[in-house]
Amino acid sequence: MEIRPPVADDCEAMAALAVQCQADPALHVPYLGSDAESIAADIRAVDQWTDTSMVAVDRDRLVGWLVAEIDHEMGRLWWLGPFVASDRVGSETGPAGADTWHEVADRLYAATRAVVSSAVDEEEACGDERSAAIAAWAARHGFEPDPASVLLRRERSVAATDPRVRPMATGDEATIEALHTAAFPGTHTTADALVASTEPRLVIDVGGRVVGYVACEHQSDGSGYIDFLAVEPGHRGQGLGRALVDHACHDLFAAGASYAHLTVREDNPAARALYASLGFVEERLARPYRIGFRLP
Ligand SMILES: CC(C)(COP(=O)(O)OP(=O)(O)OC[C@H]1O[C@@H](n2cnc3c(N)ncnc32)[C@H](O)[C@@H]1OP(=O)(O)O)[C@@H](O)C(=O)NCCC(=O)NCCS
């Protein structure tokens with residue numbers, strides 16, 4: 001078996017392999033979708049992806065891959081993968097003469113890490129909570145598990161709108177940045193990037209003052225993702241969070257989203273109760289594994 005950097009043409013075979021892994025909770029990586037088209041789109045969306053990735057090839061068959069998605073400004077990377085063919089799982093040796101899932105995953109990690117700058121010293125991987133393979137792979141490479149997040153999904157539904165909710169406008173930036181930084185210190189999107197994005201950002205205005213925001217994203221598989229939501233502490237418990245999420249869902253579905261989804265920390269009962277009250281259904285538990293940073 002050979003570990004080598006991918007070429008652009010490997011993308012389809014990589015996506016096809018990932019589709020098989022994504023269907024199996026024991027191999028599922030929650031950062032990516034489950035269909036070949038969206039996985040290929042997400043691989044290609046990684047800046048210079050062929051320079052920060054490795055594939056495992058066994059007698060002309062692509063049997064594994066790992067991509068590092070890097071934010072150089074933050075000095076942090078996210079691992080998309082490892083994806084290793086499921087026939088490598090299950091026995092000590094895998095198929096006759098072949099490397100096991102763990103050997104392939106470890107070699108992919110070592111080879112990919114070696115081509116990524118050492119200045120990038122924060123790393124995050126993620127696996128379905130049921131994946132003992134990904135947990136063991138992460139532990140072998142020094143990752144620490146952090147609290148899991150629940151993946152929630154809401155199917156197409158008639159969602160309400162609220163006159164206090166409106167798109168972010170010029171002049172809202174500082175308030176949104178302050179809310180975001182206070183609610184999500186150290187998260188993957190900085191306050192600057194949040195307000196600079198062209199993705200939907202809604203705010204709720206109470207008596208002429210913005211006291212909450214919700215940030216959404218149209219994803220490559222046609223779904224709508226709710227990325228961040230926060231209400232100022234003094235205004236919580238008054239239905240403002242619910243109004244923001246409901247309005248966001250309304251807008252996402254109106255723009256053609258096939259379904260709405262989000263992740264929420266397992267240990268955030270307030271937000272989980274809010275999403276449950278809006279009909280979001282729990283899909284899976286995603287466990288992040290981190291090196292060099294933790295999220296509070
Ligand atoms: C989560 C958050 C946005 C909720 O905003 P909010 O305006 O207080 O929520 P709402 O008043 O609209 O509450 C809607 C429902 O959520 C649930 N809920 C809200 N706060 C709750 C709490 N402290 N405990 C239990 N349930 C709670 C209730 O089911 C509530 O419905 P009810 O009032 O009919 O019982 C707010 O607590 C917040 O900004 N938290 C910090 C950031 C965060 O955790 N964001 C979510 C990340 S995914």
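**Strand pairing, local backbone features and the ligand shell in a predicted model**

Pro82 is located in strand S4, which covers residues 76-84. The structure described here is a predicted model. Within S4, the peptide bond between Gly81 and Pro82 is cis, with an omega of about 5 degrees.

Strand S4 is paired with strand S3 in the antiparallel sense, and 7 bridges connect S3 and S4. One of the positions along this pairing is that of Ala68, whose bridge partner in S4 is Trp79. The two strands S3 and S4 form a hairpin in which 4 residues lie between them. In the turn of this hairpin, Gly75 has a positive phi of about 70 degrees.

On the side of strand S2, S3 takes part in a further antiparallel pairing, with 6 bridges between S2 and S3. Ser53 stands opposite Val67 of S3, and Asp58 has Arg61 as its bridge partner in S3. S2 and S3 also form a hairpin, here with 2 residues between the strands. Arg59, in the turn, has a positive phi of about 45 degrees. Asp60 is placed in the loop between S2 and S3, the latter comprising residues 61-71. The phi of Asp60 is likewise positive, near 70 degrees, although this residue is not a glycine. With a relative accessible area of 81%, Asp60 is exposed, since the term applies to values over 50%.

Strand S2 is also paired with strand S1, which consists of residues 2-4. The pairing of S1 and S2 is antiparallel and extends over 3 bridges. Glu2 has Val57 as its bridge partner in S2. How many of the residues of S2 are buried? The count is 6 of 6, so S2 is largely enclosed by the rest of the structure. The residues of this strand point in two opposite directions: Ser53, Val55 and Val57 point one way, whereas Met54, Ala56 and Asp58 point the other way. The residues pointing in either direction are all buried.

The loop that lies between helix H2 (36-44) and strand S2 (53-58) contains Gln48. This residue has a positive phi of about 55 degrees although it is not a glycine. Is Gln48 buried or exposed? Its relative accessibility is 52%, and Gln48 therefore counts as exposed.

A loop residue with another setting is Asp162, which is found between strand S7 (149-155) and strand S8 (165-167). Asp162 has a relative accessibility of 15% and so counts as buried, because values under 20% fall in that class. A polar atom of the Asp162 side chain lies 2.7 Å from the backbone nitrogen of Arg164. When residues up to four places away in sequence are not counted, Asp162 touches Ala243 and His247.

The model also includes a ligand, and 19 residues surround the ligand. The closest of these residues are Leu229, Gly237, Gly239, Gly241 and Asn268. The shell around the ligand divides into 11 nonpolar, 6 polar and 2 charged residues. Which elements each supply at least two residues of this shell? They are strand S11 (224-231), helix H7 (240-254), strand S12 (259-265) and helix H8 (269-277). The largest share comes from H8, which supplies 5 residues.

Polar atoms of the protein backbone lie at short range from nitrogen and oxygen atoms of the ligand. A nitrogen atom of the ligand is 2.7 Å from a backbone N or O atom of Leu229. A polar backbone atom of Gly237 is 2.8 Å from an oxygen atom of the ligand. For Leu274, the distance between a polar backbone atom and an oxygen atom of the ligand is 3.3 Å. Taken alone, the ligand exposes 920 Å², of which the protein buries 68%.

Note on methods
Residues are numbered from 1 along each chain as its sequence is written. This is a predicted model: local features need pLDDT of at least 70, side-chain atom pairs count only at pLDDT 80 or more; totals for chains, interfaces and linings use all residues. Side-chain values use heavy atoms; hydrogens and water are left out. A residue is near a molecule or strand if one of its heavy atoms lies within 4 Å of it. A polar contact is a pair of N or O atoms within 3.5 Å; within protein, one must be able to donate a hydrogen and the other to accept it, and residues adjacent in sequence count only if both atoms are side-chain atoms. Accessible areas come from the Shrake-Rupley method with a 1.4 Å probe; for residues, only the protein chains shown count as cover. Ala, Val, Leu, Ile, Met, Phe, Trp, Tyr, Cys and Pro count as nonpolar, Asp, Glu, Lys and Arg as charged, and the others, Gly among them, as polar. Buried means under 20% relative accessible area, exposed over 50%, partly exposed in between (1.4 Å probe, protein chains only). Two strands pair if DSSP finds at least two bridges between them. Contact means heavy atoms within 4.5 Å.
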